[in-house]
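Open the model in your viewer and keep the sequence panel beside it, since each stop on this tour begins with a selection. Take the stops in order, and turn the view a little before moving on.

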Amino acid sequence: MKVEDFIARFRAAAFDDAEPLFWSDEEIVSYLNEAVQEACERANLIEDRSMPLALVPGQDTYHLHPSVFEIKRLTFRGRPLSEASVEELDCDAPGWELRSGEPRCFIFEQASGVLPPRVRLVPTPVTAEAAGLTVYRGALKPLSEDISSAQPEIPVRFHERLLDWVMHRAYLKQDSDTFDPNKAATSMALFVQAFGERPDANVQRKQRDRRTPIVHCNW
């Protein structure tokens, strides 16, 4: 579905096709951008292998594209690296921050404030090589009402269900003619049914920290 199709479908479903309009095209497309991001984070819809990591000798931390929210796989010389946490390394490999050599594991740092997502390699690499990187990410570029022929990056079969989020957000607009918490809740339930609950970042971090230790300190 194109942006113009989403706008038309929304207006038909919300009976918002006569002047004065309750929602602008800009508002509808902003909700659509939210829907794409929410769907990607809930269901890992975009898996991207096209972001290789160029390693620099002596540099352990690398910024990732802002759209990245999870690393699925990271390899060095064809060997998968295990994901670790600061807490795990402090426990199992004291002095890990001072070590250099062939990377054996990585720490993923989600975006925070103005900082983009980052990945930290352990030990710090000493050679200029490319590491293989597979990530789950959101859309690279937001959709715009000015480019009506553009389509969401996610597979077409999921486009229809994006409207559920758009309806959910639209019915939460604080206006006597638009606010309808019951309709908003119904639309949200349909969206969750299609894409699942939103992952909790704190829960994900705690789950990583509780993993069975797999990092060996005999470097």
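Select β3 and then strand β8, residues 118-122: the two run antiparallel and are joined by three bridges. Helices (H or I, at least four residues) and strands (E, at least two) are DSSP runs, numbered from the N terminus, and two strands pair if DSSP finds at least two bridges between them. To see one bridge, pick threonine 61, whose partner in β8 is arginine 120. Now widen the selection to the open sheet of four strands, which has mixed pairing and the order β3-β8-β7-β6. Its edge strands, each paired on one side only, are β3 (61-63) and β6 (82-83).

Before going further, note that this is a predicted model, in which local features need pLDDT of at least 70 and side-chain atom pairs count only at pLDDT 80 or more, while totals for chains, interfaces and linings use all residues. Residues are numbered from 1 along each chain as its sequence is written, and side-chain values use heavy atoms, with hydrogens and water left out.

Next, follow β8 to its end and select valine 122 and proline 123, which are joined by a cis peptide bond with omega about -5°. Proline 123 lies in the loop between β8 and β9 (130-137).

Which residues line the largest cavity? Select Asp60, Trp96, Glu97, Arg99, Arg120, Leu121, Val122, Pro123 and Thr124, which together form its lining. On a 1 Å grid over the protein atoms alone, a cavity is a set of points where a 1.4 Å probe fits but cannot get out, and lining residues have an atom within 4 Å of a point. The volume of this cavity is about 30 Å³, where a volume is the space filled by probe spheres set on the points, and grid points are joined across faces, edges and corners.

Move now to helix α1, residues 3-13, and select its buried residues, Val3, Phe6, Ile7, Phe10 and Arg11. They sit on the same side of α1, because they cover an arc of only 125° around the axis, the arc being that of the directions from the helix axis to the C-beta atoms. Buried means under 20% relative accessible area, exposed over 50%, and partly exposed in between (1.4 Å probe, protein chains only). Show α2 (25-43) and α4 (159-170) as well, since the buried residues of α1 pack against these two helices, with contact meaning heavy atoms within 4.5 Å.

Beyond α1, in the loop between α1 and α2, select phenylalanine 15. Although phenylalanine 15 is not a glycine, it has a positive phi of about 55°, and at 71% relative accessibility it counts as exposed. Proline 20 has its place in the loop between α1 and α2, and the peptide bond that reaches it from glutamate 19 is cis, with omega near -5°. Most residues other than glycine have a negative phi, and most peptide bonds are trans.

For the last stop, select lysine 72 in strand β4, residues 68-76. Is lysine 72 buried or partly exposed? With a relative accessible area of 45%, lysine 72 is partly exposed. Not counting residues up to four places away in sequence, lysine 72 touches Glu47, Thr134, Val135 and Tyr136. Finally, in the loop between β4 and β5 (79-80), select arginine 77, which has a positive phi of about 55° although it is not a glycine, and which counts as exposed at 53% relative accessibility.

Notes: 1 Å grid on protein atoms, 1.4 Å probe; cavity = no way out; pocket = protein on both sides within 12 Å on 5 of 7 lines; lining within 4 Å.
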